[in-house]
Structure formats: structure tokens, C-alpha cells
Amino acid sequence: DLPRAEASLRQMLKIEPKRIETIDRLAAVLVRVGKAAEAANLLEDLLARGIEEPQNRDYRIRLALAYETMGQARVGEAALEALRETRPTDPVVIFALADYYDRQASGPAAAMHLNRAAADLRAAIEETPQRTEYWETLVRVLERRMGPGAASCAASAALAAGRHSSVFVTYARQDGGSFGTPNTPLATSVLDTVTPRELPRSVRRLLALCGAGFDKAVPFDNAAWRPRRLDASMKPLLEEAQQCSTQLGISDFRLLATDLGALTCLPISSDPPTLLVSRSQMEATSRPEREFLFARALLVAAQGFAPFVRARPAEVEAALKALLEGHVASRAGPPPPKPVQELRKKLVRVVPRRQREELEDLVIDLRADDSFDGSAVGFALAELGNRVALILSTHPGQAIDGLLKIAGTYVPKEHPGRLDAIRQSAEASRLLRFVMNDTHFEARTEAGLIQ
């Protein structure tokens with residue numbers, strides 16, 4: 001009986017006019033009986049007393065609701081927005097503002113707010129990833145903004161980083177992965193979506209045209225790696241790689257073995273796609289981890305990028321520099337050093353004549369692009385392989401385990417040093433970031449993974 005409750009609380013307030021609990025309860029009742037203006041006055045009085053957190057936050061949210069109930073929705077929104085600016089990662093504040101936009105039937109504003117909240121939470125995770133509450137809130141925000149698929153990705157990313165919470169267990173698969181199975185072979189649009197910004201279409205095409213020339217200019221070191229055919233004990237690897245090639249739509253590939261001790265899964269040639277694997281890879285990794293490593297290497301090789309991934313970054317940068325600086329028509333000063341000219345000749349010589357004009361047009365475009373960084377290309381190619389392989393795997397934990405093992409820095413999820421190991425690995429940390437990114441969610445949709 002709200003009227004009786006109101007009368008009783010008013011009587012109690014006359015006896016103890018400064019009792020916070022009574023004012024609090026009366027304000028709540030007044031909003032429900034249509035006396036929001038009086039409730040707002042009471043809440044303002046409480047806030048003027050310097051109430052500590054989190055009660056101060058809760059009173060400010062209730063005050064905003066009172067304004068909204070009074071017909072002053074914009075005043076309520078401004079109050080919530082002011083609160084959000086001081087507490088951008090607080091789930092109570094985030095969802096209070098989201099609820100406001102829902103009540104106002106303002107879908108675009110709600111979407112913008114939740115996108116902003118997700119960005120704030122990603123930034124907070126980047127700075128202090130050990131704060132599990134940030135990961136939990138991101139999962140909930142993504143679920144509300146984009147649905148269970150995106151929430152599943154964030155939950156599986158948290159588990160991959162060694163975070164533990166019932167929220168993650170609820171939204172991720174039982175094995176820690178994200179939900180869904182992609183349509184295979186993957187659509188070409190997936191590749192375009194996940195390609196890092198350091199690899200625009202012009203750069204990818206230039207690399208594809210010059211791959212054979214680079215392979216000759218910087219040949220694979222057979223003497224150092226001593227590749228050989230797989231022996232009978234390593235034949236299971238061929239079956240695993242075959243499954244990955246089918247998912248990627250690759251009809252022909254080769255698998256070679258090396259007896260070197262290092263854990264290896266390296267694309268060494270693109271014609272046909274050829275991978276070099278070691279026995280230690282079979283012994284030190286699980287099948288899901290190997291399938292991720294196979295997929296990343298096969299994708300890179302099939303796209304014609306194997307020579308650039310197996311080479312040292314400095315060699316890739318030197319080749320791109322030779323292509324750009326050696327372009328005669330664009331040269332304003334003296335010719336580049338003779339070694340640069342010779343390297344350019346080797347790169348261009350094997351390009352069919354009918355495609356050389358296209359190559360030179362691509363060079364002109366890149367020379368005019370101030371944002372192009374040749375030193376970032378090698379890593380970006382590896383990152384492209386990682387992203388596509390993740391779409392197939394749908395399991396960030398297994399993907400990151402594979403990357404850490406390849407790098408020789410593996411730390412299990414249960415170990416307190418897991419986060420540090422990930423942050424010290426450029427590939428692992430970039431992939432973990434990608435798992436929670438909107439680009440990943442878009443690519444999952446294109447791959448047929450229901451969000």
C-alpha cells in the first residue's frame with residue numbers, strides 16, 4: 001500500500017528529519033506515486049550531504065530517473081552522462097544510461113553509447129588486464145549491443161588470458177572457445193575484412209606479383225633447415241593439414257619435415273603452398289593448436305606470401321624499398337645504390353611482361369602513400385594468417401597456446417604469469433586484442449557464425 005507507506009515515512013521523517021534511510025525510502029515511494037519532483041528534492045538533499053560511493057552513484061542515477069519521470073528527460077540524460085564521464089567502466093552506470101535510451105526508444109543513441117562503453121572497457125583491459133571486472137563488463141556490454149556471439153568471443157578471450165569468472169563460463173563453450181562453426185571454405189570477403197591496415201589491397205597485390213622474384217633473391221636456406229619428406233611417424237600431421245587446407249579452399253599443398261629441435265610450422269614456398277614442420281611440433285602441441293598453426297601458415301602460403309613470412313623483416317623491408325626507390329619515372333634525385341638497383345631487377349625480372357605495367361602502377365601509388373611502412377609488412381602478413389586461422393578455430397585459448405609454444409614462451413592459463421607471457425608476445429597480444437574487436441565480429445558474420 002504505497003499511500004500508507006508514504007504517510008508512515010513522512011511521520012518518521014518528522015521525528016528524525018536527518019535520517020538518511022528514511023529519506024531514501026520516502027524518495028523511492030514518491031517516485032512510484034507520481035511525486036517525482038518532491039523525490040528529486042529529497043535526492044538532491046542527500047547528495048548535498050556528501051554521501052560516499054557507491055551510494056552517491058546510486059542516488060545520482062535515481063535522481064536522473066526522477067527528472068525523466070517529471071518529463072525532463074534531457075535533464076536526466078545529462079545527469080547520467082555526467083556520471084558516465086567520471087565512471088566510464090562502471091557497469092551500473094553503463095546500463096543505467098542504456099536503459100534510459102531504451103525507455104526513450106532511441107536505438108541509435110543506445111548503440112552509440114554501448115559502442116563507446118565497449119571502447120572504454122577495451123582500453124581499460126589494455127591498461128590493466130588483471131582486473132577481471134573489466135572483462136566481465138565487456139562481455140555483458142557486447143551481449144547487449146551485438147548478441148551472444150560477440151559476448152562469447154569476449155568471454156573466451158578472457159579465459160585465454162587466464163581470467164576466471166562464472167560470467168565467462170556462462171557465455172563461452174565448455175572447452176573455453178566461442179560458439180559457432182564457420183562455413184567452409186571461407187568466403188573471400190572474410191580475408192578482406194580481417195586484413196590488417198598495414199596490408200591494403202595494393203600492397204597484397206604487389207607482394208603477390210613479386211613473390212617469385214623475392215624467392216629467388218632471398219632463397220630458402222635448405223642447408224640450414226635440411227627439409228625432408230615426412231616419415232611414417234609424422235604422417236598424422238598430413239591429415240591435420242589436409243583438413244585445414246579443405247577449410248581454406250586450398251586444393252594442393254606440400255608438407256616437409258625438419259629434424260631441428262625448434263618447434264616449427266613455417267610457410268617456405270607458395271608454388272605450391274609448402275610448409276616446414278618439426279617433430280617437436282607434433283610432440284609439444286595438441287591437435288587443435290596444430291590445426292591453428294597449419295591454417296595460419298597455409299593461408300599465407302596460398303596467398304603467395306610465404307617467401308616474405310619466412311624471410312627476416314629487414315630483408316622484406318629492403319625488397320620493398322628497392323621496388324619503390326628504384327622506380328625510374330618517379331626518381332627526382334640521383335639513382336639509388338647499385339645493390340638496390342640489382343635487387344629491384346631480380347624482383348621484377350620474373351614478373352610476366354603483361355603484368356609489369358600493373359606492378360609499376362602499384363609502386364607509384366605506394367610512393368605517394370605517406371602511411372605505407374615497409375618494415376611492418378612481414379608482421380602484418382603473419383597477423384593476417386593468425387586472424388583467418390582464428391575464424392576457423394573459434395578458440396582463442398588454443399590459438400594463443402599455439403603461438404606461445406612456437407615462440408618458446410608458453411605459460412598455461414592457470415599460471416599467474418600467463419598475462420605477462422601474452423603481453424610479451426607481439427603476435428599473441430595482437431590476436432587477443434583482435435578477438436574482442438568489432439572487425440572480428442564482422443568477419444565471423446561473413447563466415448556464417450551466428451552472432
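This section describes the cores, one helix, the salt bridges, the unusual backbone sites and the cysteines of a predicted model.

The largest nonpolar core has 107 residues. Within this core, Trp135, Leu206, Leu207, Leu248, Phe294 and Val377 touch the most other members. The surroundings of Phe294 were examined further. Leaving aside residues up to four places away in sequence, Phe294 touches Leu237, Glu240, Ala241, Cys244, Leu255, Cys265, Leu275, Val277 and Gln281. A second core, separate from the largest one, has 17 residues, among them Ala40, Tyr59, Leu63 and Ala66.

Val377, one of the residues with the most contacts to other members of the largest core, is also where helix α21 (residues 377–393) begins. The C-alpha atoms at the two ends of α21 lie 24 Å apart, and this agrees with the 24 Å that its 17 residues should span at 1.5 Å a residue. Helix α21 is mostly covered, with 16 of its 17 residues buried. Thr394 follows the helix and has a positive phi, near 60°.

Salt bridges were then considered. Side chains of opposite charge can pair when their charged atoms come close. Across the whole structure, 40 salt bridges are found. In one of them, the side chains of Arg57 and Asp90 meet at 3.0 Å, N to O. Arg57 belongs to helix α4 (residues 55–69), whereas Asp90 sits in the loop between α5 (73–86) and α6 (91–103), so this pair ties together parts that are 33 residues apart in sequence. Arg57 has a relative accessibility of 11% and therefore counts as buried. Asp90 is likewise buried, with a relative accessible area of 10%.

Asp90 also forms a salt bridge with Arg87, and here the closest N and O atoms are 2.8 Å apart. Arg87 counts as partly exposed, its relative accessibility being 23%. These residues belong to a network of salt bridges that links Glu53, Arg57, Asp58, Arg87 and Asp90.

Another salt bridge joins Arg296 and Glu427, with 2.7 Å between the closest N and O atoms. Arg296 is part of helix α16 (residues 287–302) and Glu427 is part of helix α24 (residues 426–435), so the pair ties together parts that are 131 residues apart in sequence. Arg296 is buried, at a relative accessible area of 12%, while Glu427, at 24% relative accessibility, counts as partly exposed. Helix α16 also holds Phe294, given that the helix covers residues 287–302.

The backbone was examined for cis peptide bonds and for positive phi values. Most residues other than glycine have a negative phi, and most peptide bonds are trans. The peptide bond between Thr184 and Pro185 is cis, with omega about 0°. Pro185 lies in the loop between α10 (166–171) and α11 (188–194). A cis peptide bond also leads from Asp271 to Pro272, where omega is near -5°. Pro272 is located in the loop between strands β2 (265–270) and β3 (273–278).

Positive phi values occur at residues that are not glycine, including Arg226, with phi near 50°, and Thr394, with phi of about 60°. Arg226 is placed in the loop between α13 (222–225) and α14 (235–248). The loop between α21 and α22 (396–407) contains Thr394. With a relative accessible area of 52%, Arg226 is exposed. Thr394, by contrast, is buried, its relative accessible area being 6%.

The cysteines were considered last. A disulfide is a covalent bond between the sulfur atoms of two cysteines. The structure holds 0 disulfides. For Cys244, the closest cysteine sulfur is that of Cys265, at 8.9 Å, which is too far for a bond. The relation holds in the other direction as well, since the closest cysteine sulfur to that of Cys265 is in Cys244. A disulfide would require the two sulfur atoms to be within 2.5 Å. Cys244 counts as buried, at 2% relative accessibility, and Cys265 also counts as buried, at 6%. Both cysteines are among the residues that Phe294 touches.

Methods. Residues are numbered from 1 along each chain as its sequence is written. This is a predicted model: local features need pLDDT of at least 70, side-chain atom pairs count only at pLDDT 80 or more; totals for chains, interfaces and linings use all residues. Side-chain values use heavy atoms; hydrogens and water are left out. A nonpolar core is a set of buried Ala, Val, Leu, Ile, Met, Phe, Trp, Tyr and Cys residues joined through side-chain atoms within 4.5 Å. Buried means under 20% relative accessible area, exposed over 50%, partly exposed in between (1.4 Å probe, protein chains only). Contact means heavy atoms within 4.5 Å. Helices (H or I, at least four residues) and strands (E, at least two) are DSSP runs, numbered from the N terminus. The expected span of a helix is 1.5 Å times one less than its number of residues. A salt bridge is a side-chain nitrogen of Lys or Arg within 4 Å of a carboxyl oxygen of Asp or Glu.
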